[in-house]
Amino acid sequence: AKITFIEHDGTKHTVEAENGMTVMEAAVKNSVPGIDADCGGACACATCHVYVGKDWLDKTGTAEQMEEDMLDFAFDVRDNSRLSCQIKVTDEIDGLVVDLPEKQF
Ligand code: FES
């Protein structure tokens, strides 16, 4: 699936992600700046925070309680905030666009 990350300054990075990995892993593997992922995907750091494009919210689903709790620690949380390590790559999300926050904490 193709995923596009848009940095706070507008710089776009479109990467190819394999099914089964997470959106966070796709970013880290492709050296997309702005995703720190300090905890390595354990939903314990909130430094993989992204804003899911409005058209994609149905497909990515919603955050579970643990993710919601961790999002409280993220910077500038919005309605469409997610932790990218909790979004699995599937064919369904091919073309996904996420915006990156100004900073991760
Ligand atoms: Fe730490 Fe996602 S990588 S919460």
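How many bridges join β1 to strand β2, and in which sense do the two strands run? In this predicted model, in which local features need pLDDT of at least 70 and side-chain atom pairs count only at pLDDT 80 or more, totals for chains, interfaces and linings use all residues. Residues are numbered from 1 along each chain as its sequence is written. Five bridges join β1 to β2 (residues 12-16), and the two strands run antiparallel; strands are counted as paired if DSSP finds at least two bridges between them.

The secondary structure comprises three helices and five strands, where helices (H or I, at least four residues) and strands (E, at least two) are DSSP runs numbered from the N terminus. Along the sequence these elements follow the pattern β-β-α-β-α-α-β-β. The radius of gyration, taken over C-alpha atoms, is 12 Å, close to the 13 Å that the globule rule gives for 105 residues, so the protein is as compact as a globular protein of that length; the rule is 2.2 Å times the number of residues to the power 0.38. The C-alpha trace spans about 30 × 25 × 25 Å along its principal axes. Among contacts (C-beta atoms, placed from the backbone, within 7 Å) between residues at least 6 apart in sequence, 66% join residues at least 24 apart.

Strand β1 (residues 2-6) has side chains that alternate, with I3 and F5 pointing to one face and buried, whereas K2, T4 and I6 point to the other and are not buried. A residue is termed buried if 20 or more other C-beta atoms, placed from the backbone, lie within 10 Å of its own, exposed if 12 or fewer do, and partly exposed in between. In a regular strand the side chains alternate between the two faces of the sheet. Within the pairing of β1 and β2, I6 stands opposite K12, and in the hairpin that these strands form, with five residues between them, G10 takes a positive phi near 100 degrees. Strand β1 also pairs with β5 (residues 96-99), here in the parallel sense and over four bridges, and F5 stands opposite V98 in β5.

Buried residues make up 32% of the 105 residues. The largest nonpolar core, defined as a set of buried Ala, Val, Leu, Ile, Met, Phe, Trp, Tyr and Cys residues joined through C-beta atoms within 7 Å, has 25 residues, and those with the most contacts inside it are V23, M24 and A27. Two or more residues are given to this core by each of β1, α1 (23-29), β3 (49-52) and β5, and α1 gives the most, with four residues. Leaving aside neighbours within four places in sequence, V23 is in contact with I3, S84, I87, V89 and V98.

Residue S84 lies in the loop between β4 (81-83) and β5, and counts as buried because it has 26 C-beta neighbours inside 10 Å. Residues up to four places away in sequence not being counted, S84 touches T22, V23, M24, A27, I35, C48, V50 and V98. The C-alpha atoms of S84 and V98 are 9.2 Å apart in space, the two residues being 14 apart in sequence.

Positive phi values also occur in the loop between α1 and β3, which contains S31 and A37. S31, although not a glycine, has a positive phi of about 55 degrees, and counts as exposed because it has 9 C-beta neighbours inside 10 Å. For A37, likewise a residue other than glycine, phi is near 50 degrees, but A37 is buried, with 21 other C-beta atoms within 10 Å.

Notes. Two residues are in contact if their C-beta atoms, placed from the backbone, lie within 7 Å.
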